[in-house]
Amino acid sequence: GSGPFGNTTNGLTINAGGTLDLNGNNLTVGIYNAGNGVAVITNSASGSPAVITVGNGNSRWTGISQTFLCGNVGLKITGVNGTRDDIGTGGAQMQNTFTGGVTWIGNNNQDRVVNPAVFGSGPITFGGSSGFFIPSSSITGWSAGFSNAFVVSGNNNLLTFQMNGPTTAFSTGPWTGSGTLA
């Protein structure tokens with residue numbers, strides 16, 4: 001599509017130390033890469049969250065774990081072509097302060113969320129044929145729990161705990177929506 005960012009179905013790279021201010025605009029990209037260091041995505045505009053959508057249906061996306069998301073920003077993760085991405089492994093991601101929430105849609109339930117700090121403070125939404133799995137608590141921050149709301153808005157969503165994963169302290173936030181968890 002077109003817009004302030006031009007053809008947004010192409011890939012996006014934010015070089016180490018770089019900042020992308022969405023300034024109230026939504027952005028959809030295919031492959032996202034943070035270069036060889038920490039990048040920042042923010043939104044200086046007030047009002048509704050500016051959403052960055054990565055994955056573009058079937059393209060691979062990388063770089064989220066090297067990106068610090070802050071402010072009124074939302075993150076949408078779309079299809080990853082049946083491959084797993086580890087989310088929450090980078091130091092920048094552990095400092096996320098964004099408020100717009102995270103939406104998974106059509107990612108074949110493949111993503112592994114290593115630490116819930118990556119969610120920021122907004123809601124976590126399963127949009128259909130989506131979800132993630134939680135690895136062993138010995139390598140994550142899951143044991144501390146978190147308070148994000150969950151919204152299940154599509155069908156065939158999945159939330160899986162890996163063997164020896166956390167059995168206590170999951171989200172204390174509300175669960176809503178008319179979708180299903182498989």
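In this predicted model, strands β10 (residues 102–104) and β12 (residues 124–126) run parallel and are joined by 3 bridges. Within that pairing, Thr103 has Thr125 of β12 as its bridge partner. On its other pairing, β10 meets β8, again in the parallel sense and again over 3 bridges; here Trp104 of β10 stands opposite Ile77.

Moving on to β8 itself, this strand covers residues 73–77, and 4 of its 5 residues are buried, so β8 is largely enclosed by the rest of the structure. Besides pairing with β10, β8 pairs with β6 in the parallel sense, this time over 5 bridges. One of the matched positions there is Val51, whose bridge partner in β8 is Gly74.

These pairings slot into a bigger picture: an open sheet of 7 strands, ordered β3-β6-β8-β10-β12-β14-β16, with parallel pairing. The edges belong to β3 (27–29) and β16 (175–176), and each of these has a single partner strand, so one side of each is left without a neighbour in the sheet. As for side chains, in a regular strand they alternate between the two faces of the sheet.

Now for the aromatics. A search of the whole structure turns up 2 aromatic pairs. In one of them, the ring centres of Phe126 and Phe150 sit 5.9 Å apart with the planes at 55°; that angle does not go over 60 degrees, so the pair counts as tilted. Phe126 belongs to strand β12 and Phe150 to strand β14 (residues 150–152), so to speak a link between distant parts of the chain, 24 residues apart. Both partners are out of sight: Phe126 is buried at a relative accessible area of 0%, and Phe150 is likewise buried at 0%.

The other pair brings Phe150 together with Trp175, with ring centres 4.1 Å apart and planes at 5°, so this one is stacked. It too connects distant parts of the chain, from Phe150 in β14 to Trp175 in β16, 25 residues apart. Trp175 sits on an edge strand, β16, and is partly exposed, with a relative accessible area of 39%. Taken together, Phe126, Phe150 and Trp175 make up one aromatic cluster.

Away from the rings, Ser48 lies in the loop between β5 (39–42) and β6 (50–54). With a relative accessibility of 58%, Ser48 counts as exposed. Leaving aside residues up to four places away in sequence, Ser48 touches Asn43 and Asn72. Ser48 and Gly24 are 24 residues apart in sequence, yet their C-alpha atoms are 7.5 Å apart in space.

Zooming out to the whole protein chain, there are 16 strands and 0 helices. Of the 182 residues, 47% count as buried. Among contacts between residues at least 6 apart in sequence, 62% join residues at least 24 apart. The chain exposes about 7,900 Å², and carbon and sulfur atoms supply 49% of that area.

Conventions. Residues numbered from 1 in each chain as written. Predicted model: local features only at pLDDT ≥ 70, side-chain atom pairs only at ≥ 80, totals over all residues. Heavy atoms only, no water. Pairing = 2+ DSSP bridges. Helix = DSSP H or I, 4+ residues; strand = E, 2+ residues; numbered from the N terminus. Phe/Tyr/Trp six-rings, centres within 6.5 Å; stacked < 30°, edge-to-face > 60°. Buried < 20%, exposed > 50% of the residue type's maximum accessible area, 1.4 Å probe, protein only. Contact = heavy atoms within 4.5 Å. Areas by Shrake-Rupley, 256 points an atom, 1.4 Å probe, with all protein chains shown as cover.
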